[in-house]
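Hi,

Here's the structure I promised to pass along. Have a look when you get a minute, and my notes are underneath.

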Amino acid sequence: MPVGGWIGSRVQMVDWEPNPAPNTLWRVKWSSPIFDLRPDLGALSENRSNVNRSGVPMWRAGGQNVAAQLFVQIAGITDFRGFQVVSQEEAHVADVTQVLTITAPQDVTDNFTSRGDSSIVTYSPFGDGYPLRYWRLRLIFNILTDQGFPLPPARPPTFVLQAALY
């Protein structure tokens, strides 16, 4: 059986978008790939029209993928003035082409601002330890206005993000 894990590459978060929304000076986004948390189900799908699209298979004992977690680590941020992190999950029970948002945006800033050399936050796929088939996490990093961040043209910090699911 293949190993049930995915290690993402180190991503330098540098593509900050200026003034993307009211009260937001800068924004940069990251998302995991779509994970197939039940690859043992093989070709079972309601949608047979797009057989070329698939998720990253996550094999586990007996195909159950029990208790897999996505670990997200960021490093390189020392100034948290105005820093905000918002997470949102996407999923579908059976069809990779139908993955949609399943959670409202959640402010998870406190989890990322540990003030250490880096921060690690874990996410568990939807399903209380017995996940549904397809799942993805999206993160939005914002620098908010009126929070002490130096006014433009100062650029937000470059930081490194790496994630792994196992």
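Below is what turned up, starting with the overall fold and then going through the charged pairs.

Keep in mind that this is a predicted model. The chain has 13 strands and one helix, with the helix coming after ten strands and followed by three others. Of the 166 residues, 42% are buried. Among contacts with a separation of 6 or more, 74% are between residues at least 24 positions apart. The accessible surface is about 9000 Å², and carbon and sulfur atoms account for 51% of that.

On to the salt bridges: the count is five. One of them joins Asp36 and Arg133, with N to O at 2.9 Å. That pair ties together distant parts of the chain, since Asp36 is in strand S5 and Arg133 sits in the loop between S11 and S12, 97 residues apart. Asp36 is buried because its relative accessible area is 6%, under the 20% cut-off, and Arg133 is buried too, at 3%.

Asp40 pairs with Arg38 at 2.8 Å; here Arg38 is buried at 17%, whereas Asp40 is partly exposed at 32%. Arg81 and Asp79 come to 2.6 Å, with Arg81 partly exposed at 38% and Asp79 likewise at 28%. There's also a network linking Glu90, Arg136 and Arg138.

One last residue: Thr122, in strand S11, is partly exposed at 40%. Beyond its close sequence neighbours, Thr122 touches Gln69, Leu70 and Phe71. Its C-alpha is 9.3 Å from that of Leu165, 43 residues away along the chain.

Cheers

Notes:
Residues numbered from 1 in each chain as written. Predicted model: local features only at pLDDT ≥ 70, side-chain atom pairs only at ≥ 80, totals over all residues. Heavy atoms only, no water. Helix = DSSP H or I, 4+ residues; strand = E, 2+ residues; numbered from the N terminus. Buried < 20%, exposed > 50% of the residue type's maximum accessible area, 1.4 Å probe, protein only. Contact = heavy atoms within 4.5 Å. Areas by Shrake-Rupley, 256 points an atom, 1.4 Å probe, with all protein chains shown as cover. Salt bridge = Lys/Arg side-chain N within 4 Å of Asp/Glu carboxyl O.
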